[in-house]
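Here is my note on the model you sent round. Please read it with the coordinates open.

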Amino acid sequence: MTILLSMAEADSSLEKILRDHSALAQRLASSHESNPEVARDLAQEILVAVWRAWPAFRHQCSERTYVARIAHNRIVTHISRAVRQPALIELSEDLAASAPTPEELAIQGDESRRLLAVVRTLPIAYREVAILLLEGFSPAEIADTLGISPNAVAIRGTRARDMLRALLEVRR
Amino acid sequence: MNEKIASDWNDLAKLWQAEAAAVSVDDIDAHLRRHRRQMRLVTLAELAGVGLGVAAAGWLAIFLPYRWLGVVVAIFALVSATVVVRTRRELAPSGSVDLLQSLKDSLDREDWIAEQLRFGRALSFVALFAIVMATASQLRHASLTSSVTLIAGAVAAVCVLAALVWNLVLVRRANTRRKRLEYLKDRLKP
């Protein structure tokens with residue numbers, strides 16, 4: 001009976017996590033992994049990690065900050081362990097031309113996918129802030145999730161917004 | 001992409017948040033099953049490796065009168081297996097740690113893994129030394145032909161060298177992981 005009860009509780013917490021946070025996990029995974037299959041697998045791994053860590057959640061921060069931190073922790077593990085991943089390439093801050101061409105973006109389809117493709121081309125320090133800003137996190141939540149100061153968030157946020165707008169303009 | 005989207009951040013955020021497919025309980029269940037299957041395969045491969053080492057040790061100690069060679073190989077196989085199991089332990093997912101702290105923790109873990117691998121390499125060299133000494137001693141004192149003694153020594157050495165090669169593969173992977181983690185940390189810290 002106890003086992004059945006705990007299984008039922010586990011199922012309900014998993015359902016709640018999936019209902020409330022699976023979209024966030026999917027988008028965070030997709031913004032760090034371009035292969036859709038691997039991104040889907042990474043999102044599932046993030047959600048499993050959230051589910052396992054959920055009993056330790058003490059409301060010391062908001063639920064989505066908690067989820068975003070765990071997601072980032074899993075993404076770090078994913079990036080460091082990806083076997084066939086090519087060497088990480090960092091863009092210069094002056095919007096290098098190695099981003100997808102207009103033709104590539106046109107092939108990629110709808111606007112959401114274009115936005116995702118452009119976000120992936122941002123340098124990592126700006127990408128992290130841009131993603132969380134797009135997710136609707138406040139600067140304080142972003143600072144809390146990434147472990148940087150609110151000032152750094154403000155500076156990177158402004159720069160990330162400018163870069164994103166410029167990149168979208170260039171590829172219009 | 002139209003002018004409005006490029007200029008209006010809120011519209012951009014709405015567009016961003018519109019992009020996500022749902023994940024079902026069945027997806028998670030399939031993911032966990034897949035993960036368990038992979039881990040079972042890894043465990044089986046590791047058990048097969050240890051089994052081969054122990055079998056070689058048994059053969060040396062029982063079918064050939066080289067008890068010490070057998071003991072060296074058996075101890076080596078069991079200690080190596082313990083070290084491998086210990087290094088494979090995953091970090092528990094933590095929602096109380098921010099990204100930079102997570103990177104720091106991951107780098108600390110890589111340092112710890114490098115330490116275990118160094119211990120494994122040191123153990124390999126000690127085992128190889130013991131095998132060479134035991135073989136040399138057998139060649140001097142044993143009544144068996146030298147070719148049997150050399151074959152026994154070679155079998156023991158191959159067991160240890162195989163583990164050493166695997167250790168070096170793991171060192172290479174650990175170095176790659178470390179470089180990637182450092183790269184991320186360098187670019188993320190303010």
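The points below go from chain A as a whole to single residues, then to chain B and the contact between the chains.

1. Status. This is a predicted model. Local features are given where pLDDT is at least 70. Side-chain atom pairs count only at pLDDT 80 or more.

2. Make-up of chain A. Chain A has 8 helices and 0 strands. Read from the N terminus, its elements run α-α-α-α-α-α-α-α. The chain has 172 residues, and 42% of them count as buried. Take the contacts in chain A between residues at least 6 apart in sequence: 63% of these join residues at least 24 apart.

3. Domains of chain A. The domain assignment splits chain A into domain 1 (1-88) and domain 2 (90-172). Across the boundary, 12 residues of domain 1 are in contact with 11 residues of domain 2. On the domain 1 side, α1 (2-32) and α3 of chain A are the elements that give two or more residues. That side divides into 5 nonpolar, 6 polar and 1 charged.

4. Helix pair α3(A) and α7(A). How do α3(A) and helix α7 (residues 139-146) of chain A cross? Their axes come within 9 Å, at roughly 35 degrees. The crossing of α3(A) and α7(A) is right-handed. From α3(A), the contact uses A:Thr65, A:Ala68, A:Arg69 and A:His72. From α7(A), it uses A:Glu141, A:Asp144 and A:Thr145. By class, the residues of this contact are 1 nonpolar, 3 polar and 3 charged.

5. A:Glu63. This residue belongs to helix α3 (residues 63-81) of chain A. A:Glu63 is partly exposed, because 16 other C-beta atoms lie within 10 Å. A:Ile79 is 16 residues away from A:Glu63 in sequence. In space the two are 24 Å apart, C-alpha to C-alpha.

6. A:His59. Look at the loop between α2 (36-53) and α3 of chain A, where A:His59 is found. A:His59 is not a glycine, yet its phi is positive, at about 60 degrees. Most residues other than glycine have a negative phi. Is A:His59 buried or exposed? It is exposed, because there are 7 other C-beta atoms within 10 Å.

7. A:Asp41. Helix α2 of chain A holds A:Asp41. A:Asp41 has 18 C-beta neighbours inside 10 Å, so it counts as partly exposed. Its C-alpha lies 8.7 Å from that of A:Ala29, and the two residues are 12 apart in sequence.

8. A:Val48. Helix α2 of chain A also holds A:Val48. With 19 C-beta neighbours inside 10 Å, A:Val48 counts as partly exposed; the cut-off for buried is 20 or more, so the count of 19 does not meet it. Along the chain, A:Val48 and A:Ala23 are 25 residues apart, and their C-alpha atoms are separated by 14 Å. Which residues does A:Val48 touch, leaving out those up to four places away in sequence? They are B:Ile28, B:His31 and B:Leu32.

9. The A-B contact. In total, 41 residues of chain B are in contact with 55 residues of chain A. On the chain B side, the elements giving two or more residues are α1 (3-7), α2 (9-18), α3 (25-63), α5 (99-141) and α6 (146-188). By class, this side has 26 nonpolar, 9 polar and 6 charged residues.

10. Helix α6(B). At 1.5 Å a residue, the 43 residues of α6(B) should span 63 Å. The end C-alpha atoms are 62 Å apart, so the span agrees. Its buried residues include B:Thr149, B:Ala152, B:Cys159, B:Asn167, B:Arg177 and B:Leu188. What do the buried residues of α6(B) pack against? In chain A they pack against α3, α6 (124-134) and α7. In chain B they pack against α3, α4 (67-87) and α5.

11. B:Glu115. Helix α5 of chain B is the place of B:Glu115. B:Glu115 counts as exposed because it has 11 C-beta neighbours inside 10 Å. B:Lys104 is 11 residues from B:Glu115 in sequence and 17 Å from it in space, C-alpha to C-alpha.

Terms used. Residues numbered from 1 in each chain as written. Chains lettered and ligands numbered in written order. Contact = placed C-beta atoms within 7 Å. Helix = DSSP H or I, 4+ residues; strand = E, 2+ residues; numbered from the N terminus. Nonpolar A, V, L, I, M, F, W, Y, C, P; charged D, E, K, R; others polar. Buried ≥ 20, exposed ≤ 12 C-beta atoms within 10 Å, placed from the backbone. Axes fitted to C-alpha atoms, helices over the stretch in contact; angles between N-to-C directions. Left-handed = near helix turned anticlockwise from the far one by under 90°. Expected span 1.5 Å × (residues − 1). Domains from an automatic or database assignment.
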